[in-house]
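Student: I have a model open and would like to understand the labels attached to it. Could we go through the reasoning behind them?
Tutor: Gladly; ask away.

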Amino acid sequence: MAGCEAFAADGATVGGAAGVPALRLPCLVGSQEVALEDLGDRPVLVNLWASWCAPCREEMPLLQDAYQRYGDRIGFLGVNTQDTRSAAVSLLSDLGVTYAHVVDQDKALMTELAAPGLPVTLAVDADGRVVDRQVGPVSAARLEELVSRLAAEATAP
């Protein structure tokens, strides 16, 4: 499983309703923290999930496949929500998920997004603005729509 080095801040924070909430969350692996309002200089797909969430477990292989196809152009960040680290690491290991994850034990991001439950998937542009979101399980077609949009932005001049 990847650490969070790819999400080093670039200084381009976005505030307000259109941006990702200003939260700092610890990486699931290692001791680094990630500032959600500054995910670096490329688009990022952010997925809120938990090991106890059946739809989250079902969509994980789709997310991993998308990461393998698009991870060189866009970032992928999992947000493990209201879960134990050991359960999260065990599930990710069992499913062969390799992209980076942070921990949100207190469900602060879910609360800030006013999301009714898990899973939640956000398409975040390179400026930190949420440009699309999926509340509930993401289908293969919907995930392709989200990552294609972000990848197109990543390759635009």
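Student: What makes Y67, F76 and Y99 a cluster?
Tutor: Ring pairs link the three of them. Keep in mind that this is a predicted model. By the pairing rule, the count of aromatic pairs comes to three. One of them is Y67 with Y99, at 5.6 Å centre to centre and 55° between the planes. This pair connects distant parts of the chain, with Y67 in helix α1 (residues 54–70) and Y99 in the loop between α2 and β5, 32 residues apart.

Student: Why is Y67 called partly exposed, and Y99 buried?
Tutor: Buried means under 20% relative accessible area, exposed over 50%, and partly exposed in between. Y67 has 25%, so it is partly exposed. Y99 has 1%, so it counts as buried.

Student: How do you know that F76 and Y99 form a pair, and why is the pair called tilted?
Tutor: Their centres are 6.0 Å apart, and rings pair if their centres lie within 6.5 Å. The angle between the planes is 50°. Stacked needs under 30 degrees and edge-to-face over 60, so this pair is tilted. F76 sits in strand β4 and Y99 in the loop between α2 and β5, 23 residues apart, so this pair too links distant parts of the chain. At a relative accessible area of 3%, F76 is buried, so it falls under the 20% limit.

Student: Let's turn to D83. How do you know that D83 has no salt bridge?
Tutor: The nearest side chain of opposite charge is R57, 8.2 Å away. A salt bridge needs a side-chain nitrogen of Lys or Arg within 4 Å of a carboxyl oxygen, so D83 has none. D83 is nevertheless buried, and its place is the loop between β4 (75–81) and α2 (85–95).

Student: What makes the approach of D83 to N80 a polar contact?
Tutor: The two side chains are 3.0 Å apart, and the cut-off for a pair of N or O atoms is 3.5 Å, so the distance fits. In addition, a polar atom of the D83 side chain lies 2.6 Å from the backbone nitrogen of S51. Beyond its neighbours within four places in sequence, D83 is in contact with residues including W49, W52, A88 and Q105.

Student: Which other residue is buried without a salt bridge?
Tutor: E59 is one, and it is found in helix α1. Its nearest side chain of opposite charge, R142, is 10.0 Å away. That distance is outside the 4 Å limit, so no salt bridge is assigned. Leaving aside neighbours within four places in sequence, the contacts of E59 include N47, P119 and V138.

Student: P119 catches my eye there. What makes the peptide bond from L118 to P119 cis?
Tutor: Its omega is near -5°, and the bond is assigned as cis. P119 itself is in the loop between α3 (108–112) and β6.

Student: How do you know that β6 and β7 are paired strands?
Tutor: Five bridges join β6 (residues 120–124) to β7 (residues 130–135). Pairing asks for at least two bridges, so these strands qualify. They run antiparallel, and L122 stands opposite R133 in β7. The two strands form a hairpin with five residues between them.

Student: Where is G128, and why is it called buried?
Tutor: G128 lies in the loop between β6 and β7. Its relative accessibility is 12%, so it falls under the 20% limit and counts as buried. Its phi is positive, about 85°. Between G128 and D83 there are 26 Å in space, C-alpha to C-alpha, and the two are 45 residues apart in sequence.

Student: Which residues other than glycine have a positive phi?
Tutor: Q82 and K107 are among them: phi is near 50° in Q82 and about 50° in K107. Q82 is in the loop between β4 and α2, while K107 is in the loop between β5 (100–104) and α3.

Student: Why is each called partly exposed?
Tutor: Q82 has a relative accessible area of 37%, so it lies between the 20% and 50% limits. K107, at 30%, lies between those limits too, so it also counts as partly exposed.

Methods
Residues are numbered from 1 along each chain as its sequence is written. This is a predicted model: local features need pLDDT of at least 70, side-chain atom pairs count only at pLDDT 80 or more; totals for chains, interfaces and linings use all residues. Side-chain values use heavy atoms; hydrogens and water are left out. Helices (H or I, at least four residues) and strands (E, at least two) are DSSP runs, numbered from the N terminus. Buried means under 20% relative accessible area, exposed over 50%, partly exposed in between (1.4 Å probe, protein chains only). Lys and Arg count as positive and Asp and Glu as negative; His and the chain ends are not counted. A polar contact is a pair of N or O atoms within 3.5 Å; within protein, one must be able to donate a hydrogen and the other to accept it, and residues adjacent in sequence count only if both atoms are side-chain atoms. Contact means heavy atoms within 4.5 Å.
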